[in-house]
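I opened a new notebook page for this chain. My plan is to go from the overall fold to the sheet, and then to the pocket.

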Amino acid sequence: MELPVPQGIQPQLAALETLLQPASTLLRRNQNLASLGTLEITPIEAPLTLFTWGRSRVLPVRLTELTITEEAFDVELNPIRASVGIGLRVLTVNDLPTGHRGAELYLAHLAQKEQLVGPAAGGNRSALGLGNAGGF
């Protein structure tokens with residue numbers, strides 16, 4: 001391009017990158033509290049990221065991989081085209097505390113899956129070859 005594109009797609013790329021870590025203001029606040037001796041352990045919860053695949057599939061996820069390859073630039077070297085690769089891991093109730101919004105979303109997703117299995121498997125485990133519900 002011969003004309004500059006203010007910031008190009010940098011804001012969109014930055015939005016993806018901020019999904020990986022807590023906000024800098026929270027990190028600095030905890031650093032200050034730790035330096036004062038007010039806080040010894042500084043666990044900061046990462047932002048809750050949701051993967052939405054249609055209306056009926058909304059899952060809490062953790063980004064496990066993010067690769068950004070900037071491919072084209074304007075005359076001021078602002079990126080105007082990029083390829084992005086994302087790896088996700090679904091967070092379950094084992095990853096999130098009871099009552100957490102992400103845990104509730106996962107439980108809703110799990111209940112929805114269980115409803116789908118009912119008609120497909122005739123409503124019982126033996127139709128899936130799993131035997132009795134209580135015995136092995």
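Before I look at pairing, I need one rule: two strands pair if DSSP finds at least two bridges between them. I also keep in mind that this is a predicted model.

**Entry 1: first pair.** I looked up β1 and β2. Strand β2 covers residues 58-73, and it pairs with β1 in the antiparallel sense over 4 bridges. That count meets the rule of at least two bridges, so β1 and β2 are a pair. In general, strands of a sheet pair through backbone hydrogen bonds, either parallel or antiparallel.

**Entry 2: who faces whom.** Which residue of β2 stands opposite F51? I found L59 there. I then checked T49, and V61 in β2 stands opposite T49.

**Entry 3: the turn.** I followed the chain from β1 to β2. The two strands form a hairpin, with 5 residues between them. In the turn I noted G54, which has a positive phi of about 85 degrees.

**Entry 4: the whole sheet.** How many strands does the open sheet have? I counted 3, in the order β1-β2-β3, with antiparallel pairing. The edge strands are β1, residues 49-52, and β3, residues 79-90. Each of these edge strands pairs on one side only. I also looked up the twist: neighbouring strands of this sheet are turned by 55 degrees against each other on average, direction ignored.

**Entry 5: the chain.** I stepped back to the full chain. It holds 3 helices and 3 strands. Along the sequence I read the pattern α-α-β-β-β-α. Of the 136 residues in the chain, 18% are buried. Buried here means under 20% relative accessible area. I then turned to contacts with a separation of 6 or more. Residues 24 or more positions apart account for 52% of them.

**Entry 6: the largest pocket.** How much space lies in the largest pocket? I noted about 230 Å³. Its lining has 15 residues, and A46, P47, V61, R62 and L91 lie nearest the centre. I had already met V61, opposite T49. By type, the lining divides into 10 nonpolar, 2 polar and 3 charged residues. Which element gives the largest share of this lining? I found that β2 does, with 3 residues.

Conventions:
Residues numbered from 1 in each chain as written. Predicted model: local features only at pLDDT ≥ 70, side-chain atom pairs only at ≥ 80, totals over all residues. Heavy atoms only, no water. Axes fitted to C-alpha atoms, helices over the stretch in contact; angles between N-to-C directions. 1 Å grid on protein atoms, 1.4 Å probe; cavity = no way out; pocket = protein on both sides within 12 Å on 5 of 7 lines; lining within 4 Å. Points joined across faces, edges and corners; volume = space filled by probe spheres on them. Nonpolar A, V, L, I, M, F, W, Y, C, P; charged D, E, K, R; others polar. Buried < 20%, exposed > 50% of the residue type's maximum accessible area, 1.4 Å probe, protein only. Contact = heavy atoms within 4.5 Å.
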